[in-house]
Amino acid sequence: MGLSAAHYTIGTVATLVVPATSGIQQVTFHNHEHSSNHDIYINGPGVTINNGLHLPDTETIQMNIAAGDEVWAISNTTSNVLHVLITRL
């Protein structure tokens, strides 16, 4: 098992935040923004603000990502901070 933490600046262009691996990954996402309406959306490649999972400001969620899958993030505003902690199982 290995841990990997990163902080990403998310804007209006999709950013790869969890690369694909050959094993399952347990991932914690935290939208570190403290301003209202600084939302982040996550999904696979092709994420948009219309098809992504909505992470409102200060929200933290955890999910398992299947082997071979990757996660991308986008926002409808610029300079949003997303914290990501990956545990490889």
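Which strand does His30 lie in? In this predicted model, His30 belongs to strand S3, and the surroundings of this histidine make a pleasant place to begin. The side chain of His30 reaches the side chain of Thr60 in a polar contact of 2.6 Å. Beyond the residues within four places in sequence, His30 is in contact with Thr58, Glu59 and Thr60, and also with Val81, Leu82 and His83. Thr60 is the residue at which strand S6 (60-65) begins, while Val81, Leu82 and His83 fall within strand S8 (residues 80-88).

Stepping back to the whole chain, the protein has eight strands and zero helices, and its pattern along the sequence reads β-β-β-β-β-β-β-β. For 89 residues, a compact globule would be expected to have a radius of gyration near 12 Å, and the protein agrees with this, having 12 Å. Along the principal axes, the C-alpha atoms fill a box of roughly 35 × 25 × 15 Å. Buried residues make up 34% of the 89. Among contacts with a separation of 6 or more, 80% come from residues 24 or more positions apart.

The strands can be followed through two sheets. One is an open sheet of four strands in the order S1-S8-S3-S6, paired in antiparallel fashion. Its edges are formed by strand S1 (2-10) and strand S6 (60-65), each of which pairs on one side only. From one strand to the next, the twist averages 20°. Strands S1 and S8 run antiparallel and are joined by nine bridges; one of the residues involved is Leu3, whose bridge partner in S8 is Thr87.

Another open sheet, also of four strands with antiparallel pairing, has the order S2-S7-S4-S5. Here strand S2 (15-18) and strand S5 (53-55) are the edge strands, each pairing on one side only. The twist in this sheet averages 35° from one strand to the next. Strand S4 (residues 40-43) runs antiparallel to S5, and three bridges join the two. Within this pairing, Ile42 has Leu53 of S5 as its bridge partner.

Ile42 also leads into the interior. In soluble globular proteins, nonpolar side chains tend to be buried together. The largest nonpolar core of the model comprises 15 residues, and those with the most contacts inside it are Val17, Val18, Phe29, Ile42, Leu82 and Val84. At least two residues of this core come from each of S2, strand S3 (25-31), S4, S6, strand S7 (71-75) and S8. S8 gives the most, with three residues. Setting aside residues up to four places away in sequence, Ile42 touches Phe29, Val47, Gly52, Leu53, Leu55, Ile61, Met63, Val71, Trp72 and Ala73. The bridge partner Leu53 is thus joined in this list by Phe29, a fellow member of the core.

Strand S8 also holds a polar residue, Asn80. Is Asn80 buried or exposed? Its relative accessibility is 0%, so Asn80 counts as buried. A polar atom of the Asn80 side chain lies 2.9 Å from the backbone oxygen of Thr77. Apart from neighbours within four places in sequence, Asn80 is in contact with Tyr8, Thr9, Ile10, Glu33, His38, Asp39, Ile40 and Ser75.

His7, in strand S1, offers a contrast: with a relative accessibility of 57%, it counts as exposed. Away from its neighbours within four places in sequence, His7 is in contact with Leu82 and His83. His7 and Phe29 are 22 residues apart along the chain, and their C-alpha atoms are separated by 9.9 Å.

Thr15 lies in strand S2 and, at 23% relative accessibility, counts as partly exposed. Outside the four places on either side in sequence, Thr15 is in contact with Tyr8, Thr9 and Ile10, together with Val71, Trp72 and Ala73. Val71, Trp72 and Ala73 are also among the residues that Ile42 touches, and Tyr8, Thr9 and Ile10 are among the contacts of Asn80. Between Thr15 and Ala66, 51 residues apart along the chain, the C-alpha separation is 19 Å.

How values were computed: Residues are numbered from 1 along each chain as its sequence is written. This is a predicted model: local features need pLDDT of at least 70, side-chain atom pairs count only at pLDDT 80 or more; totals for chains, interfaces and linings use all residues. Side-chain values use heavy atoms; hydrogens and water are left out. Two strands pair if DSSP finds at least two bridges between them. Axes are lines fitted to C-alpha atoms, for helices over the stretch in contact, and angles run from 0 to 180 degrees between N-to-C directions. Buried means under 20% relative accessible area, exposed over 50%, partly exposed in between (1.4 Å probe, protein chains only). A polar contact is a pair of N or O atoms within 3.5 Å; within protein, one must be able to donate a hydrogen and the other to accept it, and residues adjacent in sequence count only if both atoms are side-chain atoms. Contact means heavy atoms within 4.5 Å. A nonpolar core is a set of buried Ala, Val, Leu, Ile, Met, Phe, Trp, Tyr and Cys residues joined through side-chain atoms within 4.5 Å. The radius of gyration is taken over C-alpha atoms; the globule rule is 2.2 Å times the number of residues to the power 0.38.
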